[in-house]
Amino acid sequence: MQMRALLSIFVSMFVSVAEIAAQRSSWYSGDLLTSSQIQCITEDPLGFVWIGTEYGLNRFDGYQFTTYLHDETNEYSLGNNYVRCMEPASDGRIWVGTSRGLQLLSPESGEFRSVKIADGQWPYVNQILVLSGGEVWFLASGLGVCRISDTVNLTAEHLEEITRQTGSRSHTCMMEDMHGILWIGTETGLFQCNPRTLAVTRFEPDIISANVTGVREDASGNVYITTNTRIFRWSRTEDALTELFGSRPYRDITHSFMDRDGVLYVALRGEGLRCYNEEENRMFRYDDKGRETGINRLDVSAFYMDSH
């Protein structure tokens, strides 16, 4: 399928409009979606863009939207209308996390297959991560870190050993770095985990002891860590952690994102995005070109750069 390339998508959770910039500089109102409260965005190999909201999943083909909602009479429908996160699978399908469990979507058929967790729970899934080796891990509210144990029968296991070592069932974010080590954020700090041995170590506990809202890595292996009010950078070559901007905290950092060029973006509650300029060592507002519904006054909850 040939579709118009989406340049970028920025979405606010708590406003009545979502803006999607397309190649012809068209802007699409959130009224076209099942809900304007958007949580996540991804793209499949055919070029379709999938938009998860607090009420349903939407597929965008460059011209119009197709919607997917839970249907109690169809076991292969969306398991719950609150779609929190998505992640492309290696075979072209899409992992979909909802407020009631994890599913695997086949984009061509539109069928959703549910993942069975060993203890029979259907938790709120807030992040999915496909590791470089192909394993699928996810964060589940009330359980902690889980992983797919059987990709054929779609069963998952709760990694209780990681929960025990982190001392938390409330994990906020997860990232795999260039060396295959997992960085796991919690409400009380940051941890590193070896996915092969499940050994966990706490990262800089005397410095990072607050709610971790994001962990990102650039092409040089430097890791950027955000908490509710602070931004840190860990230099891999120097093995040194630095707080950016010294003692000047930010108010209510909700998310962090990084584009393919290694530019760090930070979302502030009610204040849109800030971009980090490494050369000048400063943050500046994302330029939305003065649009009336500009993101600088909104809560940005999803950031996506398409394959083009």
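Over which residues does pLDDT stay under 50? That is residues 1-27, for which the model nevertheless has 94 contacts, meaning heavy atoms within 4.5 Å, beyond four places in sequence. pLDDT here is the predictor's confidence in each residue, from 0 to 100.

This is a predicted model, in which local features need pLDDT of at least 70 and side-chain atom pairs count only at pLDDT 80 or more, while totals for chains, interfaces and linings use all residues. Residues are numbered from 1 along each chain as its sequence is written, and side-chain values use heavy atoms, with hydrogens and water left out.

The mean pLDDT of the protein is 85, with 84% of residues at 70 or more. Among its elements, where strands are DSSP runs of E, at least two residues long, numbered from the N terminus, β2 (residues 19-21) has the lowest mean, 37, and β8 (residues 94-98) the highest, 98.

Turning to the interior, a nonpolar core is a set of buried Ala, Val, Leu, Ile, Met, Phe, Trp, Tyr and Cys residues joined through side-chain atoms within 4.5 Å, buried being under 20% relative accessible area (1.4 Å probe, protein chains only). The largest has 17 residues, and Trp-95 and Phe-138 are among those that touch the most other members. Strand β13 (136-140) gives the most to this core, three residues. A second, separate core of 14 residues includes Leu-159 and Cys-193.

Finally, the cysteines: with a disulfide taken as a pair of cysteine sulfur atoms within 2.5 Å, the count is zero. Cys-85 is buried at 6% relative accessibility, but its sulfur is 6.3 Å from the closest cysteine sulfur, in Cys-40, and therefore too far for a bond.

Methods:
Buried means under 20% relative accessible area, exposed over 50%, partly exposed in between (1.4 Å probe, protein chains only). Helices (H or I, at least four residues) and strands (E, at least two) are DSSP runs, numbered from the N terminus.
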